[in-house]
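Me: I am new to protein structures and would like to learn how to read one. Could you take me through some features step by step?

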Amino acid sequence: MAFEMKLKTGLAEMLKGGVIMDVVNAEQAKIAEKAGAVAVMALERIPADIRKEGGVARMSPTDKVLEIMEVVSIPVMAKARIGHFVEAMILESLGVDFVDESEVLTPADEQYHIDKFQFKVPFVCGARNLGEALRRIGEGAAMIRTKGEAGSGNIVEAVRHLRALRTQIRRLTTLGREELVNESKELGAPLALVEWVAANGKLPVPNFAAGGVATPADAALCRWLGAESVFVGSGIFKSQDPEKLAHAVVEATTHYQDIKVVSECSKGLGTAMKGLDVHLLKAEERLSERGW
Amino acid sequence: MLIGILALQGAVDPHGEKLKNLGIESRLVKHPKDLTGLAGMILPGGESSTMLHLLKLRGLWDDLKLFVSEKPCWGLCAGAILLANEVTSPNQDSLKAMDIGIVRNAYGRQNESFVSPLKPSSDWMDLESIEGVFIRAPKIKRTGSQVKTLFTFEGEPVMVQEGNKLASTFHPELSESNKLHQYFVKLCQESL
């Protein structure tokens, strides 16, 4: 029943180095595509608004998803609630190109994530550390994005999660075979995947960053810390000039090693989204704590 | 010999690994200066609209256009779209290095992505069959008189050659075999 993993991770491979932007309607999707986004992510409300307005955040209404698919030629992703396999089935039937089983929406299942091997559509899942990443890959995720803190406009959590992942991966490569079984137990991750990471020094699927990217410099920082690309959520459409910022983030993501380019992209962008001090968030307000 | 890989976005790394397996050095190309001294160039898969956008921002467009008009190059999926003379669905600009017409996402969306064995069109290569990984793939709808078809799928060309240029709508960099990369390396060596 398992669909070709190669097709799933293959699409993730094609998205590398590109920027995936959150959009709630066709108009935003067109702005994103025109600015050079490699894909758009359809969701009901952007994370900053979910935070502000509260209530249950669900999959985007299907007519909105279809409207977005209609107007862009780039891949369309859409978010489903953690464990809500029916939302995922609906999104797959609409023909979306990637499903994000996302902690940004209100979880539908506090115990189990979706069995992603049962789907032809590839999934991306959030992770804060290596154990969480490998559990999701063990369930069939074709891409991992470090969670960061969505809708915060604050890059600190994304940095924390990227660094945790990188340090843990590096550590695995130094361990002997007999140590890996214990490591698998400690991480709560499948041994075969732990062994793969130890042998290859990277995740077996592409690894992007998300949660808190608000400026071109934030995007470039994520890439320096090992992210193969970035998701930008509230940052773009909560800024003063979304079109200009979208352009700038795309360029800074590609040319992250060229500080002259990143610096030029950072000019004249107006005010970035205000952002939150994540230390002032209560535990239940931290979206990254959702899922395990 | 040094082969360049256009590295604005997309499936860049798997080509570097393939070339490394064949003992060939590669260089990532992001700026015009990166083109100096390259024997050939791979334009990888990814999103053609994103690459097009980035190509035009920092002066790489004109230099790359000149490079691909002269030197060996291989465009895959989005890369093939960049090399084609005409692009539709939607219409977009291209480097116009090969006399082919190409239609974007012609099989459909990700749900319609597939893997299929492919047989060489004639005896141009001593090869039984190779694996074709098609991801939101385009279709080559028109081929000029100088264009040779190397592989077909359901009667339509999926890999073509025109002089020292190759275009394929599938992704050999995601399969085990090094054969097609070897073929491109040979084209580059012959053009030195």
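Reply: Happy to help; we will look at overall build, aromatic rings, backbone oddities and two residues of the other chain. Keep in mind that this is a predicted model.

Me: Let's start with chain B. How many helices and strands does chain B have?

Reply: Chain B contains five helices and 12 strands. Its radius of gyration is 15 Å, close to the 16 Å that the globule rule gives for 192 residues, so chain B is as compact as a globular protein of that length. The C-alpha trace spans about 40 × 40 × 30 Å along the principal axes.

Me: What share of the residues in chain B is buried?

Reply: Of its 192 residues, 62% are buried. You can also look at contacts: among those in chain B between residues at least 6 apart in sequence, 65% join residues at least 24 apart. As for the surface, chain B exposes about 7,400 Å², and carbon and sulfur atoms supply 47% of that area.

Me: And the charges of chain B: how far apart are the mean positions of the positive and negative ones?

Reply: They are 4 Å apart, taken over 21 positive and 22 negative charges.

Me: Now the aromatic rings, please. What should I look at in a pair?

Reply: A pair of aromatic rings is described by two things, the distance of the centres and the angle of the planes. Over all chains, the count here is 11 aromatic pairs. Take Phe134(B) and Phe170(B) as a worked case: their ring centres are 5.6 Å apart and their planes stand at 45°, so this pair is tilted. For that step you need the cut-offs: under 30 degrees counts as stacked and over 60 as edge-to-face, with tilted for the rest.

Me: Where in chain B do Phe134(B) and Phe170(B) lie?

Reply: Phe134(B) belongs to strand S8 (residues 130-134), while Phe170(B) sits in the loop between strand S12 (165-168) and helix H5 (179-190), so the pair ties together parts that are 36 residues apart in sequence. Both of these phenylalanines are buried. They also belong to one aromatic cluster, together with Tyr107(B), Phe114(B), Phe151(B) and Phe153(B).

Me: What about the backbone? Which signs should catch my eye?

Reply: Most residues other than glycine have a negative phi, and most peptide bonds are trans. Look, then, at the peptide bond from Ser89(B) to Pro90(B), which is cis with omega near -10°. Pro90(B) is in the loop between strand S5 (84-88) and strand S6 (98-103), and Ser89(B) is found in the loop between S5 and S6. Ser89(B) has a positive phi of about 65° although it is not a glycine.

Me: Arg136(B) has a positive phi too. Is Arg136(B) buried or exposed?

Reply: Arg136(B) is buried, with a relative accessible area of 7%, whereas Ser89(B) counts as partly exposed at 40%. The phi of Arg136(B) is about 40°, and this arginine is found in the loop between S8 and strand S9 (139-143).

Me: Let's move to chain A. Which residues does Thr253(A) touch?

Reply: Beyond its sequence neighbours up to four places away, Thr253(A) touches several residues, including Gly17(A), Val19(A) and Arg223(A). This threonine is in helix H12 (residues 242-254) and is buried, at 0% relative accessible area.

Me: And where does Leu269(A) lie?

Reply: Leu269(A) comes in the segment after helix H13 (259-265). It is buried, with a relative accessible area of 13%. Its contacts outside its sequence neighbourhood include Pro216(A) and Leu245(A). The C-alpha atoms of Leu269(A) and Thr215(A) are separated by 8.9 Å, with their positions 54 residues apart along the chain.

Terms used
Residues numbered from 1 in each chain as written. Chains lettered and ligands numbered in written order. Predicted model: local features only at pLDDT ≥ 70, side-chain atom pairs only at ≥ 80, totals over all residues. Heavy atoms only, no water. Helix = DSSP H or I, 4+ residues; strand = E, 2+ residues; numbered from the N terminus. Rg over C-alpha atoms; globule rule 2.2 N^0.38 Å. Buried < 20%, exposed > 50% of the residue type's maximum accessible area, 1.4 Å probe, protein only. Contact = heavy atoms within 4.5 Å. Areas by Shrake-Rupley, 256 points an atom, 1.4 Å probe, with all protein chains shown as cover. Lys, Arg positive; Asp, Glu negative; His and termini not counted. Charge placed at Lys NZ, Arg CZ, Asp CG, Glu CD. Phe/Tyr/Trp six-rings, centres within 6.5 Å; stacked < 30°, edge-to-face > 60°.
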